[in-house]
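User: Please take a close look at one helix contact in this model, residue by residue. After that, work outward through the surrounding parts.

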Amino acid sequence: MSAPFEDALHEECGVVGIVAPGRDVSRLAFFALHALQHRGQESAGIAVSDDGHVMVQRDLGLVSTVFDDPALRGLTGGSAIGHVRYSTTGANKWDNAQPVTRNRGGGIVALGHNGNLTNTDELRTLVADDPDPLLATTDSELIAALLAREPGSLLDAVCAVMPKLVGAYSAVALSDSELVAFRDAHGVRPLVLGRFEGGGLCVASETCALDQVGATYVRDIRPGEAVRITERDAESRQALPAAEPRLCVFESIYFARPDSRLEGSSVWGQRRAMGVQLAHEAPVEADLVVGLPDSGTPAAIGYAQESGIPYAEAVVRNRYVGRSFIQPDQELRRNGVKLKFNPLREIIDGRRLIVVDDSIVRGNTTQQVVAMLREAGASEIHMRISSPPLAWPCFYGIDMPSRNELVASSMTVEEIARMTGATTLAYLSLDGLQRALGLPASRFCRACFTGEYPIPVPDTPLKLRFEQPVRA
Ligand code: SF4
């Protein structure tokens with residue numbers, strides 16, 4: 001979904017936790033967050049623990065705008081957590097920036113969370129008598145408030161709170177003496193453990209963050225596991241009974257960086273394999289295979305290799321669109337695709353193109369892309385989508401429109417092809433997706449394709465309604 005503005009699915013959040021006494025942990029956290037910037041561009045924050053004190057700096061904006069050199073120099077300590085955020089729940093306001101903090105046992109607990117809880121109403125009643133009012137409007141502050149009420153070590157508190165949480169969470173919590181990472185029973189959002197040469201451990205949403213700070217991948221944090229990280233050791237507790245793992249399949253399709261590895265498997269390799277499979281399932285005669293950058297590129301390369309049709313870079317992407325606080329005017333917004341992509345007429349003119357993208361959300365971006373390529377002279381445009389039709393909303397941390405806004409929930413593939421103006425349109429099948437991933441379907445959450453939600457969703461899920469065009 002190489003989509004600008006309203007039609008884009010937004011990554012959820014990214015978290016990092018580092019214990020490395022003697023090293024500049026806030027700087028390490030900064031660079032790890034920089035590698036995770038694609039997972040959230042609305043706010044960034046770092047909390048450090050220094051000699052019994054927890055200090056936090058967080059603000060709206062990109063990692064590089066929230067932190068400068070003096071700010072990082074002021075954040076000294078032996079351990080740190082960090083967070084980048086896109087608001088899947090709660091508004092984009094300062095109070096919702098993370099790490100969120102709560103007073104706990106005479107100190108402070110700071111929390112960074114990636115995911116969405118689905119029982120927030122129930123959790124709110126559990127903290128209703130809390131003397132500290134909830135300032136944020138996020139489920140993350142609820143987790144912090146619950147941790148603040150639990151006695152004992154931070155690891156004890158996390159293990160006591162986890163059974164109360166329903167939904168998706170990969171989280172890091174920091175007190176003046178402990179750093180704990182924890183993951184929901186199904187492991188919907190990724191979380192990996194890494195080790196620094198010479199001492200120190202870290203956790204991060206993706207392995208690309210470990211690479212960035214020079215840490216070596218050790219293993220994935222297990223579903224339902226809570227891990228207290230120290231300089232030398234990761235003390236593990238299985239806080240929840242091991243459930244079937246259900247990693248979000250969209251991490252493989254779109255969200256994770258292509259240079260990351262998910263459960264040991266290369267994301268770039270997975271996407272290329274999706275393209276190979278798509279070439280098997282939906283062949284067509286054409287002159288060139290084009291990937292919509294960047295997310296469609298690996299699958300386009302796979303399609304080209306398998307079909308023997310040459311791959312071409314025919315669209316140039318402006319990488320900075322959507323990362324600015326300056327919004328385009330109405331006219332530019334309507335034509336959002338032109339802000340993000342510019343076609344290379346000399347390559348496209350008179351050619352039959354196979355255009356590979358990773359998904360279609362509402363369909364208006366695909367429509368604009370097809371129009372842009374026709375204007376640039378393409379004689380045929382065969383859209384090939386490297387995932388199945390997206391027909392159900394997400395409740396586990398992805399900002400997705402309600403069901404009636406997802407074009408595949410109410411239109412057939414032929415109807416979508418007509419609506420977008422593509423010469424032909426084909427999606428990767430669910431079986432084909434699984435074949436490309438090389439793992440059984442039972443290992444993944446695939447609810448946005450199947451409507452089968454592995455974790456209970458709220459009782460009155462506005463996102464599921466058809467009658468009203470509501471935004472949840
Ligand atoms: S519903 Fe879709 S986007 Fe959400 S967690 Fe499941 S697979 Fe991922």
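Analyst: From helix H9, the residues Trp268, Arg271, Arg272, Ala273, Met274, Gly275, Val276, Leu278, Ala279 and His280 meet Pro298, Ala299, Ala300, Ile301, Gly302, Tyr303, Gln305, Glu306 and Ser307 of helix H10. Contact here requires C-beta atoms, placed from the backbone, within 7 Å of each other. By class, this contact of H9 with H10 comprises 11 nonpolar, 5 polar and 3 charged residues. The nonpolar class is Ala, Val, Leu, Ile, Met, Phe, Trp, Tyr, Cys and Pro, the charged class is Asp, Glu, Lys and Arg, and the others, Gly among them, count as polar.

The model is predicted: local features need pLDDT of at least 70, side-chain atom pairs count only at pLDDT 80 or more, and totals for chains, interfaces and linings use all residues. Residues are numbered from 1 along each chain as its sequence is written. Helices (H or I, at least four residues) and strands (E, at least two) are DSSP runs, numbered from the N terminus.

The axes of H9 and H10 cross at roughly 45° and come within 6 Å. Axes are lines fitted to C-alpha atoms, for helices over the stretch in contact, with angles from 0 to 180 degrees between N-to-C directions. H9 and H10 are therefore oblique to each other (under 35 degrees is roughly parallel, over 145 roughly antiparallel, 65 to 115 roughly perpendicular, the rest oblique). Just ahead of H10 (297–307), the loop that begins after E17 holds Asp294. A cis peptide bond joins Pro293 to this Asp294, with omega about -5°.

H9 (residues 267–281) has another helix contact, with H16 (residues 430–437): these axes cross at roughly 140° and come within 8 Å. H9 and H16 are therefore oblique to each other. On the H9 side the contact uses Gln270, Ala273, Met274, Gln277 and Glu281, which meet Gly432, Leu433, Arg435, Ala436 and Leu437 of H16. Here the contact residues divide into 5 nonpolar, 3 polar and 2 charged. Ala273 and Met274 belong to the contact with H10 and also to the contact with H16. Glu263, in the loop from strand E15 (261–262) to strand E16 (265–266), has phi near 45°, a positive value in a residue other than glycine.

Strand E17 (residues 288–291) leads to the parallel sheet. Its 5 strands form an open sheet in the order E18-E17-E21-E22-E23. At the edges are E18 (311–312) and E23 (424–427), each pairing on one side only; strands pair if DSSP finds at least two bridges between them. E17 and E18 are joined in the parallel sense over 2 bridges, and Val290 has Ala312 in E18 as its bridge partner. Helix H14 (residues 364–375) packs on this sheet, where it touches E21 (352–357) and E22 (380–385), and its direction makes about 150° with that of E22. Helix H15 (residues 413–420) lies across E22 and E23 and runs at about 135° to E23.

The antiparallel sheet is also open, with 6 strands in the order E5-E6-E7-E8-E12-E13. E5 (100–104) and E13 (234–238) each have a single partner strand, so one side of each is left without a neighbour in the sheet. On average, direction ignored, neighbouring strands are turned by 20° against each other. Strand E8 (residues 179–183) pairs with E12 (residues 225–229) over 3 bridges in the antiparallel sense, and Ala181 stands opposite Val227 in E12. Helix H5 packs on this sheet and touches E5, E6 (107–114) and E7 (170–174), with its direction at about 15° to that of E5. Pro99, in the loop between E4 (79–85) and E5, is joined to Gln98 by a cis peptide bond with omega about 5°.

H5 (residues 139–149) also packs with H6 (residues 154–161), at an angle of about 120° and with axes 9 Å apart. Ile143, Leu146 and Leu147 of H5 meet Ala157, Val158 and Val161 of H6. This contact consists of 6 nonpolar residues, with no polar and no charged ones.

Last, the ligand. Its shell includes Val188, Phe250, Tyr396, Arg446 and Cys448, where a residue is near if its C-beta atom, placed from the backbone, lies within 6 Å. Helices H8 (249–255) and H17 (447–450) each supply at least two shell residues. The shell residues divide into 10 nonpolar, no polar and 1 charged.

Conventions
Two residues are in contact if their C-beta atoms, placed from the backbone, lie within 7 Å.
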